[in-house]
Amino acid sequence: MSVAVCLERVVKAFDTTVAVNDVSLEIREGELFFLLGPSGCGKTTCLRVIAGFYEPDVGELRFDGRVMNSVPPHKRNTGMVFQNYALWPHMNVYENVEYGLTIRKVDKEARKDSVAEVLNVVRMPEYADRPVNKLSGGQQQRIALARALVVEPDVLLLDEPLSNLDAKLRLEMRQEIKRIHSQANITAIYVTHDQHEALSLADRMAIMNDGVIVQIGAPREVYRAPANAFVASFIGETNFIEGRISAQSNGAAEIETAVGILHTTTIYHEFANGEIVTCSIRPESIHIHDEMPSGVPNRLSAKVVEATYLGRIEEYQLALNGKFKAKASLYNPGRQGKAVGETIHCCIHPEDVIPLPVDGRLSDS
């Protein structure tokens with residue numbers, strides 16, 4: 001079975017450093033939930049509080065309403081997958097997966113059935129007798145997952161499990177983790193600093209910075225409606241253009257900026273006329289044209305400062321209106337791209353101009 005996990009106003013400090021500062025969080029039963037943020041933001045400390053390796057200094061941790069603050073790790077029925085896999089080098093695959101069941105004094109036949117079942121889930125039944133040091137990184141990761149799943153945990157905890165894999169293998173393992181989570185129907189909490197992992201896998205995510213949660217939401221919501229400039233820059237790439245709100249009406253606004261008036265229809269903060277804002281514009285939202293399009297707002301001329309061809313995408317550094325540096329991404333570029341020094345024309349749809357508070361002010365929504 002899976003459980004709902006709740007942290008209520010949790011604080012955890014080490015000497016004078018507050019690693020987790022008044023964090024409240026509700027993770028739904030069966031959810032694949034991500035804790036995401038830069039190094040030192042408190043996400044791993046949160047995970048270790050849930051695992052029972054740390055006890056909160058203040059606040060409560062609950063599993064399905066049961067307070068878990070003082071419950072030792074081995075009585076929480078959680079499964080943990082570590083960054084370095086933490087497999088026993090002197091045991092083979094079968095023995096590594098079986099270990100947790102042996103500690104729980106499960107009888108031999110039941111252990112055999114459970115190990116066989118979970119090796120099938122991770123698609124490695126033929127490796128049961130293989131020494132773990134003869135496995136590739138991806139195979140070791142699957143065995144670490146199998147070892148965590150075999151005890152049928154209420155909560156599966158994953159601490160940057162793919163960080164030691166190469167780029168291609170990370171992509172493959174993302175899909176495997178998604179499949180395994182769906183098949184196991186388990187509550188899973190996944191810590192990472194990799195935005196692509198979070199966007200491609202998470203049901204919901206919490207963005208952390210300096211020990212606090214800045215925003216919680218589904219991947220599309222966080223990407224399209226970031227709470228502030230920190231979230232916008234951490235989840236994907238973006239361009240920031242500072243401006244001043246000059247007019248507002250019916251959920252739309254005009255913003256005076258260094259590149260001219262920008263029109264937006266994406267207002268989800270409360271702003272006063274005359275207020276300084278930071279406009280977030282994603283590189284893929286800057287549409288490039290050979291000729292200036294007519295009848296659309298947010299039309300700009302630009303000079304190509306730098307061009308980088310990456311196959312499925314071409315990236316440009318642009319000088320908008322001859323002065324403001326911005327990055328643009330062109331997907332499925334043709335045989336001939338734009339040359340450095342070339343003057344081009346751009347437009348940005350109003351829904352893709354996202355004004356955000358400045359000076360650390362958070363969302364009013």
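This is a dialogue on reading helix contacts, sheets and a salt bridge in a predicted model.

Trainee: At what angle do the axes of helix α2 and helix α3 cross?

Mentor: Helix α2 covers residues 93-103 and helix α3 covers residues 108-121; their axes come within 10 Å and cross at roughly 125°. An angle over 145 would count as roughly antiparallel and one from 65 to 115 as roughly perpendicular. The crossing therefore makes α2 oblique to α3. As for hand, α2 passes α3 in a right-handed crossing.

Trainee: Which residues in α2 and α3 meet?

Mentor: From α2 come Val 93, Tyr 94, Val 97, Glu 98, Leu 101 and Thr 102; they meet Arg 111, Lys 112, Ser 114, Val 115, Val 118 and Leu 119 in α3. Sorted by class, this contact has seven nonpolar, two polar and three charged residues.

Trainee: Is α4 roughly parallel or oblique to α5?

Mentor: Start with the angle. The axes of α4 (residues 137-149) and α5 (residues 167-184) cross at roughly 20° and come within 11 Å. Angles under 35 degrees count as roughly parallel, so α4 is roughly parallel to α5. The crossing of α4 past α5 is right-handed.

Trainee: What classes of residue make up the contact of α4 with α5?

Mentor: There are seven nonpolar, three polar and two charged residues in that contact. On the α4 side are Gly 137, Gly 138, Gln 141, Arg 142, Leu 145 and Leu 149, and these meet Leu 169, Met 173, Glu 176, Ile 177, Ile 180 and Ala 184 in α5.

Trainee: Now the sheets. In what order do the strands of the open sheet with β15 stand?

Mentor: The order is β15-β19-β16-β17-β18, five strands with antiparallel pairing. To find the edges, look for strands that pair on one side only: here these are β15 (287-289) and β18 (324-331). From one strand to the next, the twist averages 45°. At the β15 edge, three bridges join β15 to β19 (residues 343-347), and His 289 stands opposite His 345 in β19.

Trainee: Which are the edge strands of the sheet that holds β13?

Mentor: That open sheet also has five strands and antiparallel pairing, in the order β13-β12-β11-β14-β20. Its edge strands are β13 (260-264) and β20 (354-356). Here too the twist averages 45° from one strand to the next. Strand β12 (residues 252-257) runs antiparallel to β13 and is joined to it by five bridges. One pair to find is Ile 255 and its bridge partner in β13, Leu 262.

Trainee: How many residues lie between β9 and β10 in their hairpin?

Mentor: Two residues lie between β9 and β10, and Asp 210 in the turn has a positive phi of about 55°. The two strands, β9 (residues 204-209) and β10 (residues 212-217), run antiparallel and share five bridges. Ala 206 stands opposite Ile 216 in β10.

Trainee: Last, how many salt bridges does the structure hold?

Mentor: Side chains of opposite charge can pair when their charged atoms come close. The structure holds 14 salt bridges. One of them joins the side chains of Arg 62 and Glu 8, at 2.8 Å from N to O. Arg 62 is in strand β4 (residues 58-63) and Glu 8 is in strand β1 (residues 5-14), so the pair, 54 residues apart, links distant parts of the chain.

Technical notes. Residues numbered from 1 in each chain as written. Predicted model: local features only at pLDDT ≥ 70, side-chain atom pairs only at ≥ 80, totals over all residues. Heavy atoms only, no water. Axes fitted to C-alpha atoms, helices over the stretch in contact; angles between N-to-C directions. Helix = DSSP H or I, 4+ residues; strand = E, 2+ residues; numbered from the N terminus. Left-handed = near helix turned anticlockwise from the far one by under 90°. Contact = heavy atoms within 4.5 Å. Nonpolar A, V, L, I, M, F, W, Y, C, P; charged D, E, K, R; others polar. Pairing = 2+ DSSP bridges. Salt bridge = Lys/Arg side-chain N within 4 Å of Asp/Glu carboxyl O.
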